[in-house]
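Q: Can we walk through this structure together? I'd like to start with one helix and work outwards.

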Amino acid sequence: MLVKHLLSMKSDTAKPWIDSGSIVTITPDITLGEAARILAEKRIGAVVVSQDGRRPDGILSERDIVRQLGKHGVDVLSKPIGGVMTTQVQTCTTGEDALTILERMTEGRFRHMPVVDEQGDMLGVISIGDAVSGRLKELAAEREALTGMIMGA
């Protein structure tokens with residue numbers, strides 16, 4: 001299964017990353033508190049940080065916020081996310097294999113990945129849950145095909 005299939009499998013109601021046709025992004029000057037509010041409002045686990053709304057400059061997850069709260073206390077919520085976000089953002093393209101992406105996420109210990117086109121512009125975001133769901137559907141189809149072959153269907 002390819003990444004483009006993972007994106008297409010998401011129903012409109014399951015695309016909290018998409019807001020009126022564009023990907024939800026925040027800028028690095030937004031505070032951790034504001035970012036936490038956006039994550040809660042959109043019911044997402046991470047948000048892409050981007051100056052232009054097209055290319056990922058970073059990513060901020062719920063885990064990043066919790067780690068900062070644990071280290072610095074609630075005062076950190078008034079600090080900008082620019083110094084906290086992950087700046088080495090892993091991205092993928094629609095033509096990549098979903099199993100490979102799942103392995104990259106597992107090895108890198110991250111759960112969200114922007115999908116970009118050839119120019120580096122974002123097309124969407126996939127989560128590790130999307131990759132697992134795609135893999136399970138792929139395995140179910142393989143099982144059904146093998147069962148059909150064995151049963152002579």
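Q: Which residues are buried in helix 3?
A: D64, I65 and Q68 are buried there. Buried means under 20% relative accessible area, exposed means over 50%, and partly exposed is in between (1.4 Å probe, protein chains only). Helices (H or I, at least four residues) and strands (E, at least two) are DSSP runs, numbered from the N terminus.

Q: Where do the buried residues of helix 3 fall, seen down its axis?
A: They fall within an arc of 95°, so they line one face of helix 3. The arc is that of the directions from the helix axis to the C-beta atoms.

Q: And what is exposed on the other side?
A: V66 and G70 are exposed on the other side of helix 3.

Q: What do the buried residues of helix 3 pack against?
A: They pack against helix 2 and strand 5. Contact here means heavy atoms within 4.5 Å.

Q: What comes just after helix 3?
A: G73 sits just after helix 3 and takes a positive phi of about 80°.

Q: Before we go on, what kind of model is this?
A: This is a predicted model: local features need pLDDT of at least 70, side-chain atom pairs count only at pLDDT 80 or more, and totals for chains, interfaces and linings use all residues. Residues are numbered from 1 along each chain as its sequence is written, and side-chain values use heavy atoms, with hydrogens and water left out.

Q: Okay, salt bridges. How many are found in the whole structure?
A: A search finds seven. A salt bridge is a side-chain nitrogen of Lys or Arg within 4 Å of a carboxyl oxygen of Asp or Glu.

Q: Which residue does D64 meet in a salt bridge?
A: D64 meets R67, at 3.8 Å from N to O. Both are in helix 3 (residues 62-72), three residues apart, so about one helical turn separates them. D64 is buried, with a relative accessible area of 12%.

Q: Why does a gap of three places suit a helix?
A: An α-helix has 3.6 residues a turn, so residues three or four places apart point the same way.

Q: What about R37, which partner does its side chain meet?
A: R37 meets E34 in a salt bridge of 2.5 Å, N to O. They too are three residues apart, in helix 2 (residues 32-42). R37 is partly exposed at 40% relative accessibility. E34 is partly exposed as well, at 31%.

Q: And R54, what does that one pair with?
A: R54 forms a salt bridge with D121, at 3.3 Å from N to O. R54 lies in the loop between strand 4 (46-49) and strand 5 (58-61), and D121 in the loop between strand 6 (112-116) and strand 7 (122-127), so the pair ties together parts that are 67 residues apart in sequence.

Q: Are those two buried or exposed?
A: R54 is partly exposed, with a relative accessible area of 43%. D121 counts as buried, at 17%.

Q: Back to strand 5. What does S61 touch?
A: S61 lies in strand 5 and touches L39, G45 and A46, not counting residues up to four places away in sequence. S61 is buried, at 17% relative accessibility.

Q: Now K79. Where is K79 found?
A: K79 is in the loop between helix 3 and helix 4 (98-108). K79 is partly exposed, at 47% relative accessible area. Leaving aside neighbours within four places in sequence, K79 is in contact with I30, T31 and L32.

Q: How far apart are K79 and M151?
A: They are 63 Å apart in space, C-alpha to C-alpha, and 72 residues apart in sequence.

Q: Zooming out, how many helices and strands does the chain have?
A: Five helices and seven strands. Along the sequence the pattern is α-β-β-β-α-β-β-α-α-β-β-α.

Q: How much of the chain is buried?
A: Of its 153 residues, 37% count as buried.

Q: And what span does the C-alpha trace have?
A: The trace spans about 65 × 35 × 25 Å along its principal axes.
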